[in-house]
Amino acid sequence: MSFLEEFQANLDSLPVILQKKYALLRDLDKSLQDIQRQNEQRCEHEIEDIRRGVRSGNITPDTSVIRFSDEALDEQKHSIRVADEKVALAVQAYDLVDTHIQQLDQYLKKFDEELRRERENAAITGVAASGPAGNTKSGRGNESGTGRGGRKKTRQTTLVTAAATEAQTTAKPTGMDLDLPVDPNEPTYCICNQVSYGAMVACDNPNCKIEWFHFGCVGLKEQPKGKWYCSNCAATKNRRRGK
């Protein structure tokens, strides 16, 4: 059984275990409330009896002598034991959830290491494949064999890239230096001037100087419907309309 399968199996049983502990907590809480209510009533009656005894002269008004009955004191001790049991159950539930969180952190760390190795192997393979053929990239105009005047990617390609690198874009926020082995001749895009990664969107202005943008850099979470223009091209377009 792999680590992920083992984690999923343990996670499936977590709601049932937590539900049992929470049910027991509710029972203990109800029991504690009943004991406290009973003890409060008993103490009120005993206080009233003491007051009547003091007024009638049957009880000396000495606070060092006056005390609650053994029954009232036993109820108070029992309340403390039930409250301690509630706290212990709550701690157990917290530790159980915390254990699963730590296991998930371990899995994510292992998954990140596997992704890193795959990226490194892909980069090494790409450099080895492009070297003998003499097909080294030199700027954005040579990507995919398309000139600067053409669109280097299609929106379908962008969607495929987004699905293939979802984990990478989640772990690496846009605008930060990516921990990737990058070919120095790899073309760069977007306002962040970084290589292509994750989900990207193309500006529909054929004369756009940048053309392709990372979703995060332009505040997008999904592929826009219809035509989309970057902020520079949109501003230029609006100025032309205003004239």
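Reader: What counts as a salt bridge here?
Author: A side-chain nitrogen of Lys or Arg within 4 Å of a carboxyl oxygen of Asp or Glu. Note that the model is a predicted one.

Reader: How many turn up in the whole structure?
Author: A search of the whole structure gives eight salt bridges.

Reader: Which residue does D29 pair with?
Author: D29 meets K86 through their side chains, at 2.6 Å from N to O.

Reader: Where do those two sit?
Author: D29 is in helix α1 (residues 3–56) and K86 is in helix α2 (residues 70–133), so this salt bridge ties together parts 57 residues apart in sequence.

Reader: How accessible is each of them, D29 first?
Author: D29 has a relative accessible area of 27%, so it is partly exposed. K86 is partly exposed as well, at 21%. The cut-off for buried is under 20%.

Reader: What about K30 and D34, what is the distance there?
Author: Their side chains form a salt bridge with N to O at 3.5 Å. K30 and D34 are four residues apart in helix α1, so about one helical turn separates them.

Reader: Is K30 buried or exposed?
Author: Exposed, at 52% relative accessibility. The line for exposed is drawn at over 50%. D34 is partly exposed, at 34%.

Reader: Further along α1, what does R52 pair with?
Author: R52 forms a salt bridge with D49, and their closest N and O atoms are 2.3 Å apart. R52 and D49 are three residues apart in helix α1, so again the separation is about one helical turn. R52 is partly exposed at 43%, and D49 is partly exposed at 40%.

Reader: Which residues are linked with them in a network?
Author: The network of salt bridges links E48, D49, R52 and R55.

Reader: Changing topic. How many residues are in the largest nonpolar core?
Author: The largest nonpolar core has 15 residues. Those with the most contacts inside it are C203, C208, F213, W228 and C230.

Reader: Which elements give two or more residues to this core?
Author: Two strands do, β3 (200–202) and β4 (212–214). β3 gives the most to this core, with three residues.

Reader: And what lies apart from it?
Author: Another core, of six residues, lies apart from the largest one. L25, L28, I35 and L89 are among its residues.

Reader: Why would such residues gather in general?
Author: Nonpolar side chains tend to be buried together in soluble globular proteins.

Notes. Residues numbered from 1 in each chain as written. Predicted model: local features only at pLDDT ≥ 70, side-chain atom pairs only at ≥ 80, totals over all residues. Heavy atoms only, no water. Core = buried A, V, L, I, M, F, W, Y, C linked by side-chain atoms within 4.5 Å. Buried < 20%, exposed > 50% of the residue type's maximum accessible area, 1.4 Å probe, protein only.
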